[in-house]
Amino acid sequence: MTTGGDVLEKLEGLTRDAARHQLETLRSILERNGEARYLRPFLGGRPAPEIDVATFRREVPLTSYDDYADHINRMADGLVDGGDPILCVDPLVCFFYSSGTSSTRPKLIPFFDSPLSRAASFIAHQGSAAVLGRLFPPRPLTTKSLLFVYAGNVTHTKGGFKAIAASAYPLHYNKTSLSQFLSASISPREVILGSDVQCQMYCHLLCGLRHFDSIDSIRAPYAVGLVTAFCLLKEKWEMLCEDIEKGVLSWDTSDMAMKDSVNEVLGGPQRDPAERIRSICKENSWDGILIKLWPNLRYVKCVTTGSMMHYYPKLKSYAGKVPILGGDYFASECTMGINLELTQPPERTRFVMLPTGAYFEFLPFDSNENSVADREIVDVSGVKVGKVYELVATTYRGFYRYRLGDIVRVTGFYNSSPELEYVMRAPKSSSEVVTERDLISVIEKTRVLLEDVLEAEVTEYASFLDLNLSPKQLKVYIEVKGVLFEDKLKDSIIDLTGCCASLENDFGGLYKVHRERGELGPLLVYIVTPGSFDRLLQIATEKGAPASQYKHPKIIRNREVSDFLEGVALATVCSDSKDA
């Protein structure tokens, strides 16, 4: 039996000679998939031993999802020619939905049953579990986790393949993983595999509160999932207490299997636990609420980097002294890196690149131009500390020299493997004048001013560059939450216009250059109805996006999304007061 110590020792060995393991990873991929139809025009059918790294990088072009879209759609439709694999020789099992949310419809990522990829994933996931176990060894009595996971959103392609979230794969295809997951979860299987996200979230809370003394940890894939759940707790705590007191789920749902399973977990009327929760929540003091409600809670775990940094302060206020542990660097396409220092805050989180996760290349990125620099792409042996790159991966499952769209900074090395800081999602084109990181930085700088003017809390925001206008114009959508802020909007327009001008002044680099040239109109800010971004989640999940992996978009590239947000705007102001 493989122990946590064995896995960590294996990781140490891999990172000591990262360059060698990267070459072996590429060689293994080409030996396995070199005859795939996609690669044939580039490699000419040459056997893998004849293809060195230089040849591979010279002959195979850099790619994006669009280069594979037609192939993937054909496979999804069942149009696969027997004996002539398109992307990968291994059997196609299902499709993963991407977690990208700049549009309302997710991408399909084919999942092939690759033994090489399974081995790499095993090391990554077991290594992550070993790092966690070293910090928080299992306890004999308090063993349950409150897991905000939603794995029931399963659709089928025309060819009959399932399309699911990558995080849901073990729950649908691996009986051992499902059994282990359910034994750790306070919520029953029917809640996890339900189809109504709001009801599932409420039921997760209900089960966790009913058995409050069994909760060792609270987890979700992303920080936004936990903040949303705790906001629901804040809104529905009285209803939750009544349900525990009566021993019956009151949420109106047509999912009777979920309802029956939750009623069984409640175990009949429970007056004392309900009174305990009621006495805590009615104080209306939500700072440090988690340890008050769950006294045996040891940690909270989720991804807090990138666009999730926006939610970290709110999550930290709920958690109080309970440590928030960061996640790892995994994607639907492959495993990139492992977080060996889980207790670090998001701004200091680093990921150790897994040398067997895929074959990685690094495309130099110019932060001043918000675009890929005109310099040669490098592999793991050529990266420089302090430099910024776009990550490129050749995977076991049919993506070759694939631009993942992630911008990372190399901060150092763990043994010989690069340590990566996640910076942001890459701009889609050179026409984009604001990055995800720019937007987050500017809003966070102006947050206090905005909240003072509106007497409300900024809860969500996003931007859209409208290229249909002449000149083009940046639009920022801000959602706020407060008791009386809508009544104050009319009286706040002048002050809000000042906030808009302040926001625009904080945008630097390319934005200022384009404004000074007259190529960009004045900034427009829309204050949207509370709950608008949650409605985007509903729209996205209705179109197949996985709720567990959903991240509210920061940079919107889909007009359908921007039109929706403009349609629910309560006020619109312009940085140029003449146009306000």
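The exercises below work through cysteines, ring pairs, a helix and two enclosed spaces in a predicted model.

Residues are numbered from 1 along each chain as its sequence is written, and side-chain values use heavy atoms, leaving out hydrogens and water. Because the model is predicted, local features need pLDDT of at least 70 and side-chain atom pairs count only at pLDDT 80 or more, while totals for chains, interfaces and linings use all residues.

**Exercise 1.** Find how many disulfides the model has, and examine cysteine 199 and cysteine 574.

Solution. A disulfide is a covalent bond between the sulfur atoms of two cysteines. The test applied here is a pair of cysteine sulfur atoms within 2.5 Å.
- Step 1: For cysteine 199, the closest cysteine sulfur belongs to cysteine 203 and lies 4.0 Å away, too far for a bond.
- Step 2: For cysteine 574, the closest is in cysteine 500, at 6.1 Å, which is also too far for a bond.
- Step 3: The count by this rule is zero disulfides.
- Step 4: Buried means under 20% relative accessible area, exposed over 50%, and partly exposed in between, with a 1.4 Å probe and protein chains only. Cysteine 199, at 0%, is buried, and cysteine 574, at 2%, is buried.

**Exercise 2.** Classify the ring pair of phenylalanine 95 and phenylalanine 161, then that of tyrosine 329 and tyrosine 422.

Solution. Rings of Phe, Tyr and Trp (its six-membered ring) pair if their centres lie within 6.5 Å; planes under 30 degrees apart are stacked, over 60 edge-to-face, and the rest tilted. Helices (H or I, at least four residues) and strands (E, at least two) are DSSP runs numbered from the N terminus.
- Step 1: The structure holds 18 aromatic pairs.
- Step 2: Phenylalanine 95 and phenylalanine 161 have ring centres 5.8 Å apart and planes at 80°, so this pair is edge-to-face.
- Step 3: Phenylalanine 95 is in strand 1 and phenylalanine 161 in the loop between strand 4 and strand 5, 66 residues apart. Phenylalanine 95 is buried, at 0%.
- Step 4: For tyrosine 329 and tyrosine 422 the centres are 6.0 Å apart and the planes at 85°, so this pair is edge-to-face.
- Step 5: Tyrosine 329 is in strand 9 and tyrosine 422 in strand 17, so the pair ties together parts 93 residues apart in sequence. Tyrosine 329 is buried at 5%, and tyrosine 422 is buried at 15%.

**Exercise 3.** State what the buried residues of helix 19 pack against, and describe the largest cavity.

Solution. Contact means heavy atoms within 4.5 Å. On a 1 Å grid over the protein atoms alone, a cavity is a set of points where a 1.4 Å probe fits but cannot get out; lining residues have an atom within 4 Å of a point.
- Step 1: The buried residues of helix 19 (532-542) include Phe533, Leu536 and Leu537.
- Step 2: The buried residues of this helix pack against strand 18, strand 19, strand 20 and helix 20.
- Step 3: The largest cavity has a volume of about 170 Å³, where volume is the space filled by probe spheres set on grid points joined across faces, edges and corners.
- Step 4: Its lining has 16 residues, and Leu537 is one of those nearest the centre of the cavity. Helix 10, strand 6, helix 11 and helix 19 each supply at least two lining residues.

Note on methods. On a 1 Å grid over the protein atoms alone, a cavity is a set of points where a 1.4 Å probe fits but cannot get out, and a pocket is an open set with protein on both sides within 12 Å along at least five of seven lines; lining residues have an atom within 4 Å of a point.
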